[in-house]
Amino acid sequence: MIPLWENQDDIPFFDPENPFVPHLVPYTLESSNKLSCIIVFPGGGYTHRAQHEGEPVCKWLNSIGISAFLLNYRVLPYKHPAPLLDAKRSIRLVRYFSKKWNIDPNRIGVLGFSAGGHLASLAGTHFDSGDKKNNDPVERVSSRPDCMVLCYPVISLAEYAHEGSKKALLGENPDPVLVWTLSSHNMVSSKTPPTFLWHTSDDSSVPVENSLLFAMALKKHGVPFELHIFPHGRHGLGLANETLYVKEWTNLCEKWFESIGFIGYNV
């Protein structure tokens, strides 16, 4: 376990009555070359973190030659901005210690499912280049991910919203401006990283329109993306190993990683 902040006093919005310490679990590979890395954000509607979207995914990434970290970010009773601060800090931390973990600091991506996909999309649209005057050297490092993988992601908190995730993250009657800015398709720019998305067309929990909205925003701003919509499949499939056809998403994603240079060195 690697705490995102060394001291509890440094954790922003830390609540002593709910003393969860956000942290990374490493799944790093040994290699003579610097490897790419993906930070995995499990889903769970911002109320919990789904185990099947965590460790198994990190081990799959390892199997294709990518180092991984599992991010245990804050969920209820914590609300925005705690999860986003955890996500941005995780990217900074991996980048800052990239030499120690044999990671290429220019090949650090994020992968998220459902609400974790929302969090990953926020990381790719609300990043910053770091605070060069901060006393904490980790905070001086960029929080921009170099790629995103969004799996049946929550994107919109307005139309097509997953109401459970929205309520858990923002509470009752949230500020409309916050709803707009945290609907990540509204915040896509030409600097948003290359993105791989997949969804099922009959997802009854998080409508497929969420992925379509994000893909259209990427297209508008000239950001490279790959989008796969499978005809059938329930929400929350994870690796989808038991679901015919949908399980192909991992093979498709592996080829996409190759196309953007995240795979190509022997482990």
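Start by selecting Cys58 in this predicted model: the residue is buried, with a relative accessible area of 0%. Now show the cysteine sulfurs and look for the closest one to Cys58. That sulfur belongs to Cys37 and lies 9.0 Å away, too far for a bond.

Next, select Cys151, which is likewise buried at a relative accessible area of 0%. Its closest cysteine sulfur is in Cys253, at 6.9 Å, and that is again too far for a bond. How many disulfides does the structure hold? The count is zero; a pair of cysteine sulfurs would have to be within 2.5 Å to qualify.

**The sheet**

Switch to a cartoon view and colour the strands. You should find an open sheet of eight strands with mixed pairing, in the order S1-S2-S4-S3-S5-S6-S7-S8. Its edge strands are S1 (2-3) and S8, each of which pairs on one side only. If you like to turn on hydrogen bonds here, strands of a sheet pair through backbone hydrogen bonds, either parallel or antiparallel.

Within this sheet, pick S3 (residues 35-41) and S5 (residues 103-113). These two strands run parallel and are joined by six bridges. To see one position in the pairing, select Val40 and look across to Leu111 in S5, which stands opposite.

**Strand S7 and its neighbours**

Now move along to S7 (residues 195-200). Is this strand largely enclosed or open? Six of its six residues are buried, so the rest of the structure largely encloses S7. Show the side chains to check both faces: Thr195, Leu197 and His199 are buried on one side, while Phe196, Trp198 and Thr200 are buried on the other.

On one pairing, S7 meets S6 (residues 148-151) in the parallel sense over four bridges. Select Leu150 and you will find Leu197 of S7 opposite. S7 also pairs with S8 (residues 225-230), in the parallel sense and over six bridges. For a landmark there, take Thr200, whose bridge partner in S8 is Phe230.

Add H6 (residues 209-220) to the selection. Together, S7, H6 and S8 make a right-handed β-α-β unit.

**A pair of helices**

For the last stop, select H2 (residues 82-96) and H3 (residues 115-123). Two packed helices are described by the angle between their axes and the distance between the axes. Here the axes come within 9 Å and cross at roughly 60 degrees, and H2 and H3 are therefore oblique to each other. Rotate the view to follow H2 as it passes H3 in a right-handed crossing.

Notes:
Residues are numbered from 1 along each chain as its sequence is written. This is a predicted model: local features need pLDDT of at least 70, side-chain atom pairs count only at pLDDT 80 or more; totals for chains, interfaces and linings use all residues. Side-chain values use heavy atoms; hydrogens and water are left out. Buried means under 20% relative accessible area, exposed over 50%, partly exposed in between (1.4 Å probe, protein chains only). Two strands pair if DSSP finds at least two bridges between them. A crossover is right-handed if, with the strands pointing away from the viewer, the path from the first strand over the helix to the second runs clockwise. Axes are lines fitted to C-alpha atoms, for helices over the stretch in contact, and angles run from 0 to 180 degrees between N-to-C directions. Angles under 35 degrees count as roughly parallel, over 145 as roughly antiparallel, 65 to 115 as roughly perpendicular and the rest as oblique. A crossing is left-handed if the near helix is turned anticlockwise from the far one by less than a right angle, and right-handed if clockwise.
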